[in-house]
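Hi,

Here is the structure I promised to pass on. Have a look at it first, and then read my notes below.

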Amino acid sequence: MKDSDAKPQTARLAWEDELRSGKLERSTSVFRHVIASSDGDEAQYPPEGNGRYHLYLSKACPWASRIEIAVRLTGLIPRIGMTFVDPIFQPIGEGRTGWVFSKEFPDDLTHKATLYEVYLHYHPDFTGKATTPMLLDTKTKTIVSNESKDILKSICWGFRKLHAPNTPDYFPMERLPDYESWLGKLYDPLLNGVYKVGFTTSQSDYDAGIKAMFDVLDEVDAHLGKNKWMLGDEFSVVDLILGVTLCRFDAVYYVHFMCCKKHIHEYEHLSNYVRCFYQQEHVKASADLESCKQHYFQSHHVIAPNKIVAVGNANSSLDLPHNREELFPSPTN
Ligand SMILES: N[C@@H](CCC(=O)N[C@@H](CS)C(=O)NCC(=O)O)C(=O)O
């Protein structure tokens, strides 16, 4: 773990500008296109390999990690290029901090120093928050989307014909209502809830946030006692979305964001489910939990001004054996 140079922090986090009366209000994503599922002449963004499309990702960011896993699962590497930002926020100009590139994490595509500069390079009028994930079209030199929900649809639906042979359908169109329903249930109290709880400056909002978060975790734990995966027998994008948050929970959110009512490893089914999720080849290949810890503890100076990274082997519990195969034997076994 790198030692932090604990200089007093003067630049602001984007999160600080999103706190209104102590409550975190996320800014909305600006670029909202999806890759067309057919490549008719009219499609602005037809599916194409050969590196036409390029992703800017972070190993630490859950929204970006979901995209990296989806790209790996569908065999889209190297048809889609990927660039990773440095895990630790640094000053990016205009008194703000954010994602940067470094010797270890260079931007070989545009050779910029910060992600914000990449956004500006393609959209000089851009004034928002330079977030990961971001999907770029190098042909039209425009940002397709910086919203993970769209990018997930592009990967699973838009690029379908470029998937590796025999790639399962991780986002079945006919299960869209179930996807929407689970996303609606999970987003506010859990996926975004960890951030809301972590950044709030109000005790009553913290208490309410913790209650809502653990209510939904209890509900999901019970659901996973009856179902191998969130939508039943098959792994889907709902597992991708939930699993990425659960992987970070004990090592990061429990400590850093004070989501400390209960660990995930104390839940009967969630503990086994998250191990089963994490131990899949493509998930494990993408995971870098030490980099996650480094990001959160060393970037959020309003929460952790001394930039000390909390102790704990992030992978230790995720690598333990799990009971999911035993509980839900597959019919062919
Ligand atoms: N709505 C976006 C949210 C992405 C997001 O919040 N990314 C964070 C990292 S986890 C980010 O890039 N933040 C940059 C900053 O705070 O400056 C999505 O789902 O794609």
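Let me start with M258: at 46% relative accessibility, M258 counts as partly exposed, because that value falls between the 20% and 50% cut-offs. One thing to keep in mind throughout is that this is a predicted model. M258 sits in the loop between α8 and α9, just after α8. The phi of M258 is near 55 degrees, which is a positive value in a residue other than glycine.

N50 makes a nice companion to M258. The phi of N50 is also near 55 degrees, again positive without being glycine. You'll find N50 in the loop between β2 (23–24) and β3. At 79% relative accessibility, N50 counts as exposed.

Now for the two helices on either side of M258. α8 has 20 residues and covers 27 Å from its first C-alpha to its last, close to the 28 Å expected at 1.5 Å a residue. There is a bend in α8 of about 75 degrees, and it comes at F249. Of the 20 residues of α8, 18 are buried, so the helix is largely enclosed by the rest of the structure.

Helix α9 (residues 268–278) is mostly covered too, with 10 of its 11 residues buried. The buried ones run from H269 and L270 through S271, N272, Y273, V274, R275, C276 and F277 to Y278. What do they pack against? The buried residues of α9 pack against α2, α7 (203–226), α8 (237–256), α10 (281–286), α11 (289–299) and α12 (324–327).

Next, the annotated spot. Which residues does the "active site" annotation cover? According to UniProt, in an unreviewed entry, the annotation covers C61 and Y195. These two span 135 residues in sequence, yet their C-alpha atoms are no more than 11.8 Å apart, so they gather at one spot. Both C61 and Y195 are part of the lining of the largest pocket.

Taking them one at a time:

- C61 lies in the loop between β3 (53–57) and α2 (62–73). C61 is buried, with a relative accessible area of 8%. Leaving out residues up to four places away in sequence, C61 touches W99, T132 and R248.
- Y195 belongs to helix α6 (residues 193–199). Y195 is buried, with a relative accessible area of 4%. Setting aside neighbours within four places in sequence, the contacts of Y195 are W15, L24, R26, P62, W63, Y253, F257 and Y296.

T132, one of the residues that C61 touches, turns up again in the backbone. The peptide bond from T132 to P133 is cis, with omega near 0 degrees. P133 is in the loop between α3 (115–122) and β7 (134–137). Another cis peptide bond joins I77 and P78, where omega is about 5 degrees. P78 is found in the loop between α2 and β4 (81–84).

On the overall layout, the protein is divided into domain 1 (14–162) and domain 2 (173–327). How far apart are the C-alpha centres of domain 1 and domain 2? They lie 22 Å apart. Across the boundary, 28 residues of domain 1 are in contact with 38 residues of domain 2.

One last residue to click on is S299, in helix α11. Is S299 buried or exposed? S299 is buried, with a relative accessible area of 4%. The C-alpha atoms of S299 and P91 are separated by 10 Å, although the two are 208 residues apart along the chain. Not counting neighbours within four places in sequence, S299 is in contact with L13, P87, I88, F89 and Q294.

If you want a place to begin, I'd go to C61 and Y195, the pair that the UniProt entry annotates as "active site", and then move on to the bend in α8 at F249.

Cheers

Methods
Residues are numbered from 1 along each chain as its sequence is written. This is a predicted model: local features need pLDDT of at least 70, side-chain atom pairs count only at pLDDT 80 or more; totals for chains, interfaces and linings use all residues. Side-chain values use heavy atoms; hydrogens and water are left out. UniProt positions are given in the numbering used here, feature names are shortened, and annotations may be inferred rather than shown by experiment. On a 1 Å grid over the protein atoms alone, a cavity is a set of points where a 1.4 Å probe fits but cannot get out, and a pocket is an open set with protein on both sides within 12 Å along at least five of seven lines; lining residues have an atom within 4 Å of a point. Helices (H or I, at least four residues) and strands (E, at least two) are DSSP runs, numbered from the N terminus. Buried means under 20% relative accessible area, exposed over 50%, partly exposed in between (1.4 Å probe, protein chains only). Contact means heavy atoms within 4.5 Å. The expected span of a helix is 1.5 Å times one less than its number of residues. The bend at a residue is the angle between axes fitted to the seven residues ending there and the seven starting there. Domain bounds come from an automatic or database domain assignment.
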